[in-house]
Amino acid sequence: MPDAFLRRCIYHYIKLDKDLLRRAVIARAGDFPNLDPETRDIAIEKFFELRGIQSLVKKPATGEILVWLSILSAQNISTDDLKVDELSKLPAIRALIKDEEDFNKLS
C-alpha cells in the first residue's frame, strides 16, 4: 500500500499463536460442520507446520485457514486425509499457499 495510505492507518500487531487460532476456529466451527474436533486440530497443526517454513514469502494467516477449513468440510476430509508426509500433498493446499514459488518450496 502507498505510504500516504499507511500514514493514516493504525498498526496493531497480534501474535498468531495456537491458542488464539484454536479459539478463532472454535468460534467459527459452524462454517465447517463436517469437520470433527480431531480433524480441525490436525489441520491447525499442519497450518503451523506451513507457517514454520522460514523461506515462505507469504505465510498463510487466519483468513487462509478459515477458508481452508471450509473447503475441507465441504469435501468431507477426514483426519487420515491430512496425515501426509509432504505438505504439498495436503488437500486444497492452494487455499493456504497462493504463491507458486512458495508452493515449490513445500516438496
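Of the 107 residues of the protein, 36% count as buried, and the model from which this share is computed is a predicted one. The secondary structure comes to six helices and zero strands, so that the order read along the sequence is α-α-α-α-α-α. The points below take up the overall form, then the surface and charges, and then a few individual residues.

**Overall form**

- Along its principal axes, the C-alpha trace of the protein spans about 50 × 35 × 20 Å.
- Among the contacts with a sequence separation of 6 or more, 59% are accounted for by residues 24 or more positions apart.

**Surface and charges**

- The protein exposes about 6,900 Å², and carbon and sulfur atoms supply 53% of that area.
- Met1, Phe5 and Leu6 together make a nonpolar surface patch of about 350 Å².
- Within this patch, Leu6 has its place in helix α1, which covers residues 3-6, and Leu6 is partly exposed because its relative accessible area of 43% falls between the limits of 20% and 50%.
- The protein carries 17 positive and 18 negative charges, and the mean positions of these two sets are 6 Å apart.

**A buried lysine in helix α3**

- Lys46 is found in helix α3, which runs over residues 37-51.
- With a relative accessible area of 10%, Lys46 counts as buried, because the value is under the 20% cut-off.
- When residues up to four places away in sequence are not counted, Lys46 touches Trp68, Leu82, Val84, Leu87 and Leu90.
- Of these partners, Trp68 has a number that falls in helix α4 (62-74) and Leu82 one that falls in helix α5 (79-82).

**Positive phi angles in two loops**

- Most residues other than glycine have a negative phi.
- Asn76, although it is not a glycine, has a positive phi of about 55°, and this residue lies in the loop between α4 (62-74) and α5 (79-82).
- Asn76 counts as exposed because its relative accessibility of 53% is over the 50% cut-off.
- Ala92 likewise has a positive phi of about 55° without being a glycine, and Ala92 is found in the loop between α5 and α6, the latter covering residues 100-104.
- Ala92 is partly exposed, because its relative accessible area of 26% lies between the 20% and 50% limits.

Note on methods
Residues numbered from 1 in each chain as written. Predicted model: local features only at pLDDT ≥ 70, side-chain atom pairs only at ≥ 80, totals over all residues. Heavy atoms only, no water. Helix = DSSP H or I, 4+ residues; strand = E, 2+ residues; numbered from the N terminus. Buried < 20%, exposed > 50% of the residue type's maximum accessible area, 1.4 Å probe, protein only. Contact = heavy atoms within 4.5 Å. Patch = residues over 30% accessible without salt bridge, like charges linked within 9 Å, V, L, I, M, F, W, Y side chains within 5 Å. Areas by Shrake-Rupley, 256 points an atom, 1.4 Å probe, with all protein chains shown as cover. Salt bridge = Lys/Arg side-chain N within 4 Å of Asp/Glu carboxyl O. Lys, Arg positive; Asp, Glu negative; His and termini not counted. Charge placed at Lys NZ, Arg CZ, Asp CG, Glu CD.
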